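I opened my notebook today to record what I could look up about a ligand and its surroundings, and then about a pair of helices.

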Amino acid sequence: MSDLELLRRTLAPPFRIKVVEAVKIPSREERERILKEAHYSPFRIRSEDVYIDLLTDSGTAAMSDEQWAAMMRGDEAYVGSKNYYRFEEAVREITGFEHVIPTHQGRAAENVLFGSLIKPGDIIPGNTHFDTTRAHIADKGGKPIDLIGEWLWDFDHEYPFRGNLDPARLEYVLRKYHDKIPFILLTGVNNVAASSPISMENIRETRELAERYDIPIFFDACRFFENCYLIKMREPGYGGKSVAEIVREALSYADGCYMSCKKDALVNIGGFIALRDEKLAERCKERLVLYEGFPTYGGLARRDLEAIAIGLREGLDERYLEWRVRQVAYLGELLERAGARVIKPTGGSGVFLDVYSVYPHLSEKELPEVAAFADMYLEGAVRIVGAPFPVDFVNLDGGEVERRTFEFVRFAIPRRALTKAHMEYVGAVMERVMERAHLNKGFRIVYWPEILGHFFARYEPIS
Ligand code: F0G
C-alpha cells in the first residue's frame with residue numbers, strides 16, 4: 001500500500017494537535033430545555049451548550065502554530081502596515097490579480113464591490129447566490145438570478161459538478177437582459193448546491209458567452225481551493241496540475257474575485273477583493289474607507305492580515321486538501337450507513353442531507369429542516385443548520401424567473417478542528433435520529449423577519 005493510500009484509508013491528518021478546548025455535553029433534559037428556550041433555532045443556542053458544532057465551516061478553523069506566531073508580528077499602523085504588504089503579496093501570487101483590497105469578511109467585500117458595480121434595476125446572474133450575496137445584491141437595487149439547472153434537486157444521480165451553471169440558461173438571460181447585467185458571479189464550491197464544485201469547462205464556457213456581450217465575471221472565491229482540488233480529482237486533464245495552477249487558470253478567466261478568508265484561508269476573520277482593473281479598484285477603495293477602513297487594513301487588525309497571508313498558503317497545501325475532502329466524504333458515508341440519504345458526491349464545506357429521506361412523512365410546510373436540526377441537537381448536542389433556501393430559477397419553457405426552494409440541510413465541518421472520532425459520533429447520533437424521526441410531527445414558524453429570515457426565526461413543534 002502506498003503512503004497516500006495508507007493516509008486515505010486511515011484518515012490520518014497532516015498535523016498534530018497542540019492546543020485543545022474542553023467541551024461539554026449537556027444532559028438530555030438540559031438539551032430539551034435549551035432547545036425550547038432557543039425556539040428551536042440553531043442561531044439561538046450558545047456554543048457552550050453544543051458538543052459538536054457543524055453549524056458552519058466559516059471562521060471556525062483551527063489556526064496553525066505558524067499563524068498564531070504571525071499574529072505576534074502585527075504592525076498595528078493605521079497606514080502602510082508591513083502586514084498589509086505581505087498579505088497583498090500572498091493574494092497577488094495566488095490569484096494573479098494586481099489590486100488587493102482587504103475587508104473584514106466576505107459580506108463586507110460584497111458590500112464594497114457590489115456597491116461599486118450595481119445600479120437599481122440591474123440583474124446579476126450566477127450559478128447560485130449565497131444568502132448574504134443575494135441580500136447585498138438586493139440592497140443595491142439589483143436582482144439575483146440563479147442559473148443552476150434541474151440537477152440541483154436530482155438526488156438520484158451523482159453530479160461531480162453539481163455547482164455548475166447551465167450555459168443554456170446563461171445564454172437565454174444574456175440575450176434577454178444583457179444591457180442590465182453589470183457582471184456574472186460564479187461561486188466556487190457552490191454552497192447552495194451541496195458544496196459541489198464548478199468545473200473548469202463550465203468556467204470557460206461562461207467566459208466565452210460573457211465575452212460575446214462584453215460582460216465581466218467575478219468569482220466568490222471563499223471555497224475556491226476546495227473547488228480547484230475537486231477539479232484536480234474529477235475533471236479530465238487536471239490530475240497532473242497543482243491546485244495552485246488550477247486556481248490561477250480558473251481566475252484568469254475572470255476580472256476579479258472576492259473571498260471570505262474565513263473558509264479556505266483558514267482564519268477566524270478576514271476577507272478581500274482582488275481586481276484586474278485599476279479604476280474599479282479605486283472606486284472600491286473609496287467605498288472601503290466609508291464602510292471598512294483605510295485600504296491597508298480594511299476593517300481588520302493588521303495581525304489578522306498576517307494570519308491570512310499564511311492561511312492562504314496553508315489552505316492550498318494538497319495534503320491538507322486531500323485530508324479535508326476525505327473527511328467530508330467520510331461523514332457522508334457515516335450518515336448513509338445510518339440510513340439517511342446524502343447529496344453525492346460530497347464536495348467541500350460539509351455534507352448535505354436529503355431531508356425527506358429522514359422525514360418522508362413531513363411536507364415542506366412542516367419544516368423538515370428544522371426537525372433535522374432539533375433532532376440532531378436533542379439526540380447528541382450536535383448543531384447543524386437547515387433552512388429552505390430561495391433559488392431564482394430560470395424556467396426555459398415559460399421564459400420566466402420563478403422562485404423555487406432548496407431544502408438546505410448542512411453538516412458543515414470546521415477545518416482542522418475535528419477528528420475522525422468526532423465524525424463517528426455524529427454518525428451515531430444520526431442513527432438515533434433515524435430511529436425516532438417518524439415521531440417528529442414537524443414545526444411551524446412563529447416569527448420570520450423579511451431579511452435573512454432564518455437567522456432570526458423562531459419555531460415551535462407541531463403537536
Ligand atoms: N459567499 C459564500 C459562498 C458564503 O458561503 C459566505 C458565508 C459568504 C459569501 C459571506 O462571507 O460570512 O465572511 O461574510 N458563508 C457562511 C456559511 C456564513 O455558513 O456558509 P462572510
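**Around the ligand**

I began with the shell around the ligand and asked which helix gives the most to it. I found that helix α5, residues 106-117, does so with three residues. I note here that the model is a predicted one.

I then looked up the residues around the ligand, of which there are 17, and wrote down that Thr56, Arg107, Asp220, Ser260 and Lys263 come nearest. Sorting the shell by class, I get eight polar, seven charged and two nonpolar residues.

Next I looked up individual atom pairs. For Arg107, an N or O atom of the side chain is 2.6 Å from an oxygen atom of the ligand, while for Gly106 a backbone N or O atom lies 2.8 Å from a ligand oxygen atom. At Lys263, I find a polar side-chain atom 3.1 Å from a nitrogen atom of the ligand. On its own the ligand has 470 Å² of accessible area, and the protein covers 94% of that.

**Two helices**

How do the axes of α9 and α10 cross? I noted that helix α9 (residues 224-234) and helix α10 (residues 243-252) have axes that come within 9 Å and cross at roughly 105 degrees. Angles of 65 to 115 degrees count as roughly perpendicular, and therefore I entered α9 and α10 as roughly perpendicular to each other.

On the α9 side, the contact is made by Phe224, Phe225, Cys228, Tyr229, Ile231 and Lys232, and on the α10 side by Val243, Ile246, Val247, Ala250 and Leu251. By class, I recorded ten nonpolar residues, one charged and no polar ones in this contact of α9 with α10.

Technical notes. Residues numbered from 1 in each chain as written. Predicted model: local features only at pLDDT ≥ 70, side-chain atom pairs only at ≥ 80, totals over all residues. Heavy atoms only, no water. Near = heavy atom within 4 Å. Polar contact = N/O pair within 3.5 Å; in protein donor to acceptor, adjacent residues only side chain to side chain. Areas by Shrake-Rupley, 256 points an atom, 1.4 Å probe, with all protein chains shown as cover. Helix = DSSP H or I, 4+ residues; strand = E, 2+ residues; numbered from the N terminus. Nonpolar A, V, L, I, M, F, W, Y, C, P; charged D, E, K, R; others polar. Axes fitted to C-alpha atoms, helices over the stretch in contact; angles between N-to-C directions. Parallel < 35°, antiparallel > 145°, perpendicular 65-115°, else oblique. Contact = heavy atoms within 4.5 Å.
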